[in-house]
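Good morning. I will go through one protein structure, part by part, and I ask you to keep it open in front of you.

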Amino acid sequence: MANATILIVTARWDTTAYAAAEILRRNGRESSFFYPDDIPQRAQIDAAFRLGKWSNRLHTEDGLIDLDEIKAVWWRKPSAPRPSNSLPKLDLRYARRESDYALQGLWRLLISNPDIYWMSDPQNIRKASNKMIQMARGAAHGLMSPKSIVTNDPQEVCKFYDECSQRMVYKSMTGSLLMPGEVLSPDEEFPGVPLVRPFTDEDMKKVDSVRQSACMFQELVEKKHELRVTVFEDQIFTCQIDSQKSDLTRYDWRRHDLRPSARVGKLPNSIAHACLAILDEFGLRFGAFDFIVTPEDKHVFLEVNPNGQWLFVQEWVPELRLMQAFVDIMIRNSR
């Protein structure tokens with residue numbers, strides 16, 4: 001780790017990061033892994049301010065990370081600091097808040113250094129992660145998105161259901177009930193609710209349940225196929241997902257129990273330019289865009305994940321060499 005110039009900030013379950021680090025190593029670039037949820041139990045912060053300058057290090061189970069030697073940071077899938085549950089509840093919240101405050105300071109100090117490359121700035125990732133903002137910015141750049149509402153008012157859901165001629169889907173705004181790295185307590189159950197699913201007449205009988213949380217609903221858009229468009233800086237990789245070949249992936253291809261048919265896809269220049277403009281506006285160097293292509297060949301913008309998964313695209317379609325694009329960028333910017 002003493003020779004590492006690339007810092008990968010992520011969680012222990014992140015297999016994509018491990019695969020990328022191995023290829024970087026083969027190309028002469030060593031990476032250090034840092035898991036923020038190891039703070040404060042398994043890792044330590046060592047930040048010292050002397051003579052008007054901060055010197056920052058992290059002590060991890062794998063060794064010392066000297067942040068003054070880092071040239072590039074890959075912000076992947078970090079979790080929040082995790083103090084000991086043995087602390088009293090009030091102390092636990094305080095320890096988590098203080099630890100997170102210190103880490104945020106370290107990251108902003110690194111970001112303020114123009115010689116350090118970031119993929120991408122975590123504050124920009126956070127700002128770009130809201131689907132409501134994404135749709136607004138997409139429209140500003142000429143992209144079309146489904147008619148949508150966000151509400152916890154059952155009456156508004158009923159109105160929208162009729163407006164959509166009873167062809168409506170529910171869409172999770174933040175992901176599945178159980179996120180990667182999270183664990184259940186012994187008395188919890190995981191129902192496995194799909195991220196996108198049709199809202200039916202049976203669901204309407206229980207529509208009052210939306211009072212418990214803000215919910216996103218969208219008109220159901222007919223699909224010819226879907227596109228996963230992955231962008232690294234100005235390089236665009238388009239994967240066509242033939243989601244309509246199976247009822248299991250018809251509404252949501254992001255299933256862990258079925259691999260949909262996929263191939264190299266085509267993206268109109270106007271859509272490609274819009275994707276690049278959105279990333280530039282958000283200050284991002286990476287983005288994973290999802291589009292529906294309708295039977296009339298119209299492109300409907302669903303969302304952009306500013307820190308999404310991408311290795312699976314290359315596993316599905318080896319011709320799309322995303323890993324090589326990523327490695328080339330990180331090597332170029334970690335000298």
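Which residues of α9 are buried? They are L322, M323, A325, F326, V327, I329, M330 and I331. Buried means under 20% relative accessible area, exposed means over 50%, and partly exposed lies in between, with a 1.4 Å probe and protein chains only. Helix α9 covers residues 322–332, and eight of its 11 residues are buried, so the helix is largely enclosed by the rest of the structure. As for the names, helices (H or I, at least four residues) and strands (E, at least two) are DSSP runs, numbered from the N terminus.

Before going on, a word on where the values come from. This is a predicted model, in which local features need pLDDT of at least 70 and side-chain atom pairs count only at pLDDT 80 or more, while totals for chains, interfaces and linings use all residues. Residues are numbered from 1 along each chain as its sequence is written, and side-chain values use heavy atoms, with hydrogens and water left out.

Now the sheet. In what order do the strands of the open sheet of five strands stand? The order is β14-β13-β12-β15-β16, and the pairing is antiparallel. Two strands pair if DSSP finds at least two bridges between them. The edges are taken by β14 (262–264) and β16 (299–305); each has a single partner strand, so one side of each is left without a neighbour in the sheet. On average, neighbouring strands of this sheet are turned by 25 degrees against each other, with direction ignored. For such angles, axes are lines fitted to C-alpha atoms, for helices over the stretch in contact, and angles run from 0 to 180 degrees between N-to-C directions.

Let us take the pairs in turn. Strand β13 is joined to β14 by three bridges, and the two run antiparallel. Here I241 has A262 of β14 opposite. Between β12 and β13 there are seven bridges, again antiparallel. One place to find this on screen is L227, whose bridge partner in β13 is Q240. The hairpin of β12 and β13 has two residues between the strands, and in it E233 takes a positive phi near 55 degrees. Strand β13 is also mostly covered, with five of its seven residues buried.

On the other side of the list, β12 (residues 225–232) pairs with β15 (residues 286–293) over eight bridges in the antiparallel sense. There, E226 stands opposite I292 in β15. Helix α7 (residues 269–282) lies across β12, β13 (235–241), β15 and β16, and runs at about 145 degrees to β15.

Next, strand β4. This strand spans residues 53–60 and includes N56. Is N56 buried or exposed? N56 is buried, at a relative accessible area of 6%. Apart from neighbours within four places in sequence, N56 is in contact with D46, A47, A48, I65, D66, L67, D68, L106 and L109. Contact means heavy atoms within 4.5 Å.

W54 is in β4 too, but W54 is partly exposed, with a relative accessible area of 38%. Together, F49, W54 and L109 make a nonpolar surface patch of about 290 Å². Patches are made of residues with over 30% relative accessible area and no salt bridge, where like charges are joined within 9 Å and nonpolar side chains (Val, Leu, Ile, Met, Phe, Trp, Tyr) within 5 Å. The areas come from the Shrake-Rupley method with a 1.4 Å probe, and for residues only the protein chains shown count as cover.

Last, the charges. How many salt bridges does the structure hold? The count is 25, a salt bridge being a side-chain nitrogen of Lys or Arg within 4 Å of a carboxyl oxygen of Asp or Glu.

One of them joins R12 and D38, with the closest N and O atoms 2.5 Å apart. That pair links distant parts of the chain, 26 residues apart: R12 is in the loop between β1 (6–9) and α1 (15–26), and D38 is in the loop between β2 (31–34) and β3 (44–50). R12 is partly exposed at 34% relative accessibility, whereas D38 is buried at 5%. D38 also forms a salt bridge with R42, at 3.9 Å from N to O. R12, D38, R42 and E61 are linked in a network of salt bridges.

Another salt bridge is between R57 and D46, at 2.8 Å from N to O. R57 lies in strand β4 and D46 in strand β3, 11 residues apart. Both are partly exposed: R57 at 32%, and D46 at 24%.
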